[in-house]
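Biologist: I should like to go through the assignments in this model and hear the reasoning behind each of them. Shall we begin once the structure is in view?

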Amino acid sequence: MADFCELTIGGRIVKRPVIKDSGTSSYVSFSVASNNVPVFDKETKSITEYKPTYLDVVFYDSQAERLAKENLDKGMGIVIIGDLQMRTYEDDEGSGKTRYILRGRKWFLPSSSASGKGVSVIDGDEII
(Lines give C-alpha, C1' and ligand atoms only; values in the text may rest on other atoms or scores of the structure.)
Protein backbone atom coordinates (compact mmCIF):
# COMPACT_ATOMS: atom_id res chain seq x y z
CA MET A 1 0.00 0.00 0.00
CA ALA A 2 2.94 2.38 0.51
CA ASP A 3 3.54 2.60 -3.27
CA PHE A 4 0.02 3.99 -3.74
CA CYS A 5 0.84 7.18 -1.81
CA GLU A 6 4.24 8.03 -3.28
CA LEU A 7 5.07 11.50 -4.51
CA THR A 8 7.29 12.30 -7.50
CA ILE A 9 8.89 15.72 -7.88
CA GLY A 10 11.47 17.14 -10.21
CA GLY A 11 13.48 20.26 -9.73
CA ARG A 12 16.87 21.79 -9.17
CA ILE A 13 19.00 21.36 -6.09
CA VAL A 14 19.20 24.68 -4.21
CA LYS A 15 21.21 23.50 -1.21
CA ARG A 16 24.17 21.14 -1.69
CA PRO A 17 23.53 17.69 -0.17
CA VAL A 18 25.58 16.92 2.94
CA ILE A 19 25.79 13.56 4.71
CA LYS A 20 25.17 13.69 8.48
CA ASP A 21 25.08 11.20 11.33
CA SER A 22 22.21 11.22 13.85
CA GLY A 23 23.83 8.65 16.13
CA THR A 24 21.47 5.87 15.06
CA SER A 25 21.59 6.34 11.28
CA SER A 26 23.23 8.40 8.57
CA TYR A 27 21.22 10.72 6.38
CA VAL A 28 21.52 13.27 3.59
CA SER A 29 19.35 16.36 3.51
CA PHE A 30 19.03 19.06 0.88
CA SER A 31 16.45 21.37 -0.70
CA VAL A 32 14.92 21.22 -4.16
CA ALA A 33 13.20 24.04 -6.04
CA SER A 34 10.22 22.67 -7.90
CA ASN A 35 6.86 23.69 -9.32
CA ASN A 36 7.29 27.31 -10.40
CA VAL A 37 4.01 29.01 -9.55
CA PRO A 38 2.89 31.87 -11.81
CA VAL A 39 2.16 35.25 -10.20
CA PHE A 40 -0.75 36.96 -11.96
CA ASP A 41 -0.91 40.78 -12.03
CA LYS A 42 -4.58 41.92 -12.04
CA GLU A 43 -3.75 45.36 -13.45
CA THR A 44 -1.82 44.16 -16.49
CA LYS A 45 -3.80 40.89 -16.68
CA SER A 46 -0.65 38.93 -17.27
CA ILE A 47 1.81 36.72 -15.47
CA THR A 48 4.60 38.90 -14.12
CA GLU A 49 6.91 36.31 -12.62
CA TYR A 50 7.24 32.73 -11.46
CA LYS A 51 7.96 31.87 -7.84
CA PRO A 52 9.52 28.50 -7.02
CA THR A 53 8.21 26.16 -4.37
CA TYR A 54 10.95 24.77 -2.13
CA LEU A 55 10.83 21.31 -0.59
CA ASP A 56 13.29 19.76 1.85
CA VAL A 57 14.36 16.23 0.97
CA VAL A 58 15.99 13.58 3.15
CA PHE A 59 17.46 10.14 2.37
CA TYR A 60 18.61 7.69 5.06
CA ASP A 61 21.31 5.05 5.59
CA SER A 62 22.70 3.26 2.50
CA GLN A 63 20.71 5.48 0.13
CA ALA A 64 22.16 8.56 1.86
CA GLU A 65 25.69 7.24 1.46
CA ARG A 66 25.13 6.40 -2.21
CA LEU A 67 23.56 9.81 -2.89
CA ALA A 68 26.49 11.55 -1.17
CA LYS A 69 28.87 9.80 -3.61
CA GLU A 70 26.99 11.22 -6.63
CA ASN A 71 28.81 14.56 -6.24
CA LEU A 72 25.57 16.52 -6.56
CA ASP A 73 25.80 20.29 -6.53
CA LYS A 74 23.59 23.34 -6.42
CA GLY A 75 21.69 23.90 -9.68
CA MET A 76 21.70 20.27 -10.82
CA GLY A 77 18.44 18.69 -11.92
CA ILE A 78 17.02 15.74 -9.99
CA VAL A 79 13.78 13.73 -9.86
CA ILE A 80 12.85 12.22 -6.50
CA ILE A 81 10.23 9.63 -5.57
CA GLY A 82 9.29 9.31 -1.91
CA ASP A 83 6.81 9.84 0.87
CA LEU A 84 5.59 13.25 2.00
CA GLN A 85 5.89 13.81 5.74
CA MET A 86 4.39 16.64 7.76
CA ARG A 87 6.20 18.01 10.79
CA THR A 88 4.81 20.59 13.17
CA TYR A 89 6.91 22.77 15.44
CA GLU A 90 6.93 26.13 17.23
CA ASP A 91 8.99 29.03 15.92
CA ASP A 92 10.96 31.47 18.10
CA GLU A 93 7.79 33.52 18.78
CA GLY A 94 5.86 30.43 19.90
CA SER A 95 3.66 30.25 16.79
CA GLY A 96 2.79 26.81 15.45
CA LYS A 97 4.34 26.04 12.07
CA THR A 98 4.00 23.16 9.64
CA ARG A 99 6.81 21.91 7.43
CA TYR A 100 6.64 19.30 4.68
CA ILE A 101 9.60 17.03 3.97
CA LEU A 102 9.97 14.48 1.21
CA ARG A 103 11.54 11.28 2.55
CA GLY A 104 13.21 10.01 -0.58
CA ARG A 105 13.15 6.38 -1.67
CA LYS A 106 14.38 6.66 -5.29
CA TRP A 107 16.06 9.33 -7.39
CA PHE A 108 16.81 9.95 -11.06
CA LEU A 109 19.54 12.16 -12.45
CA PRO A 110 18.94 13.61 -15.92
CA SER A 111 21.78 12.86 -18.36
CA SER A 112 23.09 16.43 -18.18
CA SER A 113 23.41 16.06 -14.40
CA ALA A 114 24.92 12.58 -14.48
CA SER A 115 28.12 13.48 -16.36
CA GLY A 116 26.85 12.07 -19.66
CA LYS A 117 26.16 8.59 -18.26
CA GLY A 118 22.51 8.67 -19.32
CA VAL A 119 19.89 8.56 -16.60
CA SER A 120 20.94 7.13 -13.25
CA VAL A 121 17.99 5.53 -11.46
CA ILE A 122 18.57 4.64 -7.84
CA ASP A 123 16.06 2.22 -6.30
CA GLY A 124 16.98 1.14 -2.80
CA ASP A 125 20.59 -0.05 -3.06
CA GLU A 126 20.55 -0.81 -6.77
CA ILE A 127 21.27 1.31 -9.82
CA ILE A 128 18.83 0.22 -12.51
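Biologist: How many helices and strands are there in the protein chain?

Modeller: The model is a predicted one. Its protein chain has one helix and seven strands, and along the sequence these follow the pattern β-β-β-α-β-β-β-β.

Biologist: What share of the residues in the protein chain is buried?

Modeller: Of the 128 residues, 29% are buried. The accessible surface of the chain comes to about 8,500 Å², and 49% of that surface belongs to carbon and sulfur atoms.

Biologist: Among contacts between residues at least 6 apart in sequence, what percentage joins residues at least 24 apart?

Modeller: The value is 53%.

Biologist: Why is the pair of Glu6 and Arg105 called a salt bridge?

Modeller: The N to O distance between the two side chains is 3.0 Å. The criterion asks for a nitrogen of Lys or Arg within 4 Å of a carboxyl oxygen of Asp or Glu, so the pair qualifies. Glu6 lies in the segment before strand E1 (7-21) and Arg105 in strand E5 (residues 96-109), so the salt bridge ties together parts that are 99 residues apart in sequence. Glu6 and Arg105 also belong to a network of salt bridges that includes Asp83.

Biologist: What makes Glu6 and Arg105 partly exposed?

Modeller: The relative accessible area of Glu6 is 31%, and that of Arg105 is 21%. Partly exposed covers what lies between buried, under 20%, and exposed, over 50%; both residues therefore receive that label.

Biologist: How many salt bridges does a search of the whole structure find?

Modeller: The search finds five. Among them is the one between Arg16 and Asp73, at 3.3 Å from N to O. This pair links distant parts of the chain, with Arg16 in strand E1 and Asp73 in the loop between helix H1 (61-69) and strand E4 (77-90), 57 residues apart. Arg16, at 42% relative accessible area, is partly exposed, and Asp73 is partly exposed at 36%.

Biologist: How do you know that Lys97 and Asp91 form a salt bridge?

Modeller: Their closest N and O atoms are 3.7 Å apart. The limit is 4 Å, so this pair is accepted as well. Lys97 is partly exposed, with a relative accessible area of 36%.

Biologist: How many aromatic pairs does the count give, and what describes such a pair?

Modeller: The count comes to two. A pair of aromatic rings is described by the distance of the centres and the angle of the planes.

Biologist: Why is the pair of Tyr27 and Tyr60 called tilted?

Modeller: The rings of Tyr27 and Tyr60 lie 6.0 Å apart, centre to centre, with 45° between the planes. The distance is within 6.5 Å, and the angle is neither under 30 degrees nor over 60, so the pair is tilted. Tyr27 lies in strand E2 (residues 26-41) and Tyr60 in strand E3 (residues 46-60), so parts 33 residues apart in sequence are tied together. Tyr27 counts as partly exposed at 23% relative accessibility, as does Tyr60 at 24%.

Biologist: What makes the pair of Phe59 and Trp107 edge-to-face?

Modeller: The planes of Phe59 and Trp107 stand at 80°, and the centres are 5.0 Å apart. An angle over 60 degrees counts as edge-to-face, and the label therefore follows. With Phe59 in strand E3 and Trp107 in strand E5, the pair ties together parts that are 48 residues apart in sequence.

Biologist: Are Phe59 and Trp107 buried or exposed?

Modeller: Both residues are buried.

Terms used: Residues are numbered from 1 along each chain as its sequence is written. This is a predicted model: local features need pLDDT of at least 70, side-chain atom pairs count only at pLDDT 80 or more; totals for chains, interfaces and linings use all residues. Side-chain values use heavy atoms; hydrogens and water are left out. Helices (H or I, at least four residues) and strands (E, at least two) are DSSP runs, numbered from the N terminus. Buried means under 20% relative accessible area, exposed over 50%, partly exposed in between (1.4 Å probe, protein chains only). Contact means heavy atoms within 4.5 Å. Accessible areas come from the Shrake-Rupley method with a 1.4 Å probe; for residues, only the protein chains shown count as cover.
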